[in-house]
Amino acid sequence: MTQSEVEPRVPEATELTLLYKQMVLLRKFDERVGELFRRAKLPGFVHLYIGEEAIATGVCAVLRVDDYITSTHRGHGHYIAKGGDVKACMAELYGKEAGCCRGKGGSLHVADTSVGMLGANGIVAASLPIAVGAAYAAAKVRKTDQVVAAFFGDGATNEGAFHEAANLAGAWKLPVVFVCENNYYGVGTRLGAVSASESLVERAGAYGMRALALDGNDLLAVRAAAREAVERARAGEGPTFLECRTWRHRAHSEGEQPNYWQEEERNEWLGRDPLPRFAERLVSDGVLTEHDVSEIDAVAVARIDEAVAYAEAQPLPAEADALLDVFGPAWPVGS
Amino acid sequence: MATTTFMGAIRETLRQEMRVDPELFVIGEDVGAYGGEMGVTKGLWEEFGDWRIRDAPIAETAIVGCAIGAAITGVRACPEIPFGDFLGVCMDQICNQAAKIRYMTGGQLAVPLTLRTTMGGYLNAAAQHSQSLEAWVAHIPGLKVVMPSMPSDAAGLLRSSLRDGNPVVFFEHKGMYGLKGEVPDDPEYQVPLGVANVVRPGTDVTIVATGRQVHLSVEAAIRLETEGVSAEVLDLRSLVPLDTEAILESVAKTRHAVVVTESWSFCGIGAEVAALLADEGLAHLNGPVKRVGARHVPIPFSPPLEDFVLPSPARIVDAVMEALA
């Protein structure tokens, strides 16, 4: 290979490496969260994103800082992928005052508005009309070219809020990318047992949206589809529905003992784990060496170590803090 | 001062506020060229266009959710839900989203929206179009709840609500839209939330009332006067925040209290006021606190049935006499 053949690949190679690092960071974060949960270090409940990292990583890679995302109960990955502060997220999971939500939200409500992460949401599909509203305000009122990516699961597509939001986005051609993370199970119920079809992409067509189904465990496929969707949204060409087919490696909620998976199907999906899959590709393409791959793991683990140490060292909130942040100050109006 | 209707006061306040803030928008069913299901937004679409007076599908969750999404990204919204009875359709967005987003995000996001909706009966509109559901939302921390009883308050309270920076549920009684009254011309006129109003002073009993029941209470007070009873009528104006001081101050003077709501008494604002008096005003009281509200059944259709269920001046008079007995 000559130098001239290599050089144009460098920026892309750098970006691919960054994407891989990002996926690893998401994975290591939630692996640690699961471990901390089992050791009873974290109050409440946690829903881990393990197995689905390619989706948040691929979508957020093509968003600007001033674009918005809305998220779900499984939101740590979305938060980190959008550029949210990892230490503040970990501190939030510990219920600490230094948490991104000052300990008021916890795992179900992580948000970092400084990077357009409008919040994880504990009510299935409820964030979708809100995403549409953020897009409405941007496109129709403030007249900016910001885009909103709304993450949600297959379960959300059976909620009325999904249909109302999709209808609005389609009717008014709003700049929303509906990112459906179809992992085939709503808690423990198989999608096909409660939906006429497991192909959710069919639903979006009814709302005048461009819609495509893709392998959600293929980072580059997700990025390519998201890039086109975001470009179209930014250009005023309306919403896109991306059905990203994937698999959740863990229980719906940590501590639950899943008895609903079919072993053969599960193993097949575990074999399509987006991380080793992308790592193998990068190694075979000569972008990374095996050594680089383990180094990336180690760097991510060190970053999580640091976040945990930070979170553990932070004070718990004072009781009186519970009474703050219910209402805010008057809205500044006029000159 | 100009004389205008309750509806006109709301419409003109919206118009003035939308002129001041070029981003403030209204979204709801038929709010555009149609002018609103009740007629409140008539003429606004002509001035502000499709995107600031936005016709929405009959999809209340989308309407309120859209308003929330705009609000948390810094664009104030004024969604309209034509009947308060429909709050049930979008309750998640109101109570789990709008009310909690600021808190759950540790104050990162403000939710500056005023949800205008209607309430009330006496229109033979039956059980799904006649309710007064303010207690539903007042129960949830994070929502302010406002209920004007006259045109000037409708204007001043709506402006305060829109500028409040927090989610406000603003209840307009359907039977009061034609009510006329004086409204200050001042485009900055505000009535602060959380300040009750003595609409009729008296010395023998305090009638604490909300919304249209203020007028029924005044009528009752006029009848009581002929029987030698001087009743003070206190209009709460906002339920959240609740002007507890004004209630206690009035009852300290009159030593008797009757609370009148159009909603059911059971688990309602009247119960809250009675509890306040039991907690903090017991020393003032020389008699029981009586409540007047809808009887605890769905609001019926047929006129004699509805008249029997909803409060009336006669029932308020009776309650006052019991309180004084």
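1. Two strands pair if DSSP finds at least two bridges between them. By that rule β2(B) and β4(B) are a pair, joined in the parallel sense over four bridges. One of the matched positions is B:I27, whose bridge partner in β4(B) is B:P79. The structure discussed here is a predicted model, and the points below should be read with that in mind.

2. The pairing continues on both sides of these two strands. On one side, strand β2 (residues 25–28) of chain B is joined to β3(B) by three bridges, and the two strands run parallel. Here B:V26 has B:I53 as its bridge partner in β3(B). On the other side, two bridges join β4(B) to strand β5 (residues 114–119) of chain B, again with the strands running parallel. In that pair, the bridge partner of B:I81 in β5(B) is B:T117. As general background, strands of a sheet pair through backbone hydrogen bonds, either parallel or antiparallel.

3. What is the order of the strands in the open sheet of chain B? The sheet has seven strands, in the order β3-β2-β4-β5-β7-β6-β12, and its pairing is mixed. The edges are formed by β3 (53–55) and β12 (238–240) of chain B; each has a single partner strand, so one side of each is left without a neighbour in the sheet. On average, neighbouring strands of this sheet are turned by 20 degrees against each other, direction ignored.

4. Strand β4 (residues 77–81) of chain B deserves a separate look. Five of its five residues are buried, so the strand is largely enclosed by the rest of the structure. A student may ask which residues of β4(B) lie on each of its faces. On one side are B:A77, B:P79 and B:I81, and on the other are B:C78 and B:E80; all of these are buried, and both faces are thus covered.

5. The next strand in the order, β5 of chain B, contains B:T117. Is B:T117 buried or exposed? It counts as buried because 24 other C-beta atoms lie within 10 Å, and the cut-off for a buried residue is 20 or more. Leaving aside neighbours within four places in sequence, B:T117 is in contact with B:I81, B:G84, B:L87, B:V169 and B:F171. B:I81 is thus both a contact of B:T117 and its bridge partner. The C-alpha atoms of B:T117 and B:F83 are separated by 5.9 Å, although the two residues are 34 residues apart along the chain.

6. Chain B is divided by the domain assignment into domain 1 (2–183) and domain 2 (197–324). The C-alpha centres of these two domains of chain B lie 26 Å apart. Where they meet, 27 residues of domain 1 are in contact with 23 residues of domain 2. On the domain 1 side, α6 (134–138), β6 (144–146), α7 (151–162) and β7 (168–173) of chain B each supply at least two residues. By class, that side has 15 nonpolar, nine polar and three charged residues.

7. Turning to chain A, the count of elements is 13 helices and seven strands. A compact globule of 335 residues would have a radius of gyration near 20 Å; the value for chain A is 20 Å, which agrees. Taken along the principal axes, the C-alpha atoms of chain A fill a box of roughly 65 × 50 × 50 Å. Of the 335 residues in chain A, 51% are buried. Among contacts in chain A with a separation of 6 or more, 75% are between residues 24 or more positions apart.

8. A:G192 gives a contrast to B:T117. A:G192 lies in helix α8 (residues 191–194) of chain A. This residue is exposed, with 11 other C-beta atoms within 10 Å, and the cut-off for exposed is 12 or fewer. A:G192 and A:Y136 are 56 residues apart in sequence and 33 Å apart in space, C-alpha to C-alpha.

9. How many residues of chain A are in contact with chain B? There are 39, and they touch 40 residues of chain B. On the chain A side, the elements that give two or more residues are α6 (127–142) and α7 (160–171) of chain A. Of the elements, α6(A) gives the most, with twelve residues. The chain A side of this interface has 24 nonpolar, nine polar and six charged residues.

How values were computed: Residues are numbered from 1 along each chain as its sequence is written. Chains are lettered from A and ligands numbered from 1 in the order in which they are written. This is a predicted model: local features need pLDDT of at least 70, side-chain atom pairs count only at pLDDT 80 or more; totals for chains, interfaces and linings use all residues. Two residues are in contact if their C-beta atoms, placed from the backbone, lie within 7 Å. Ala, Val, Leu, Ile, Met, Phe, Trp, Tyr, Cys and Pro count as nonpolar, Asp, Glu, Lys and Arg as charged, and the others, Gly among them, as polar. Axes are lines fitted to C-alpha atoms, for helices over the stretch in contact, and angles run from 0 to 180 degrees between N-to-C directions. The radius of gyration is taken over C-alpha atoms; the globule rule is 2.2 Å times the number of residues to the power 0.38. Domain bounds come from an automatic or database domain assignment.
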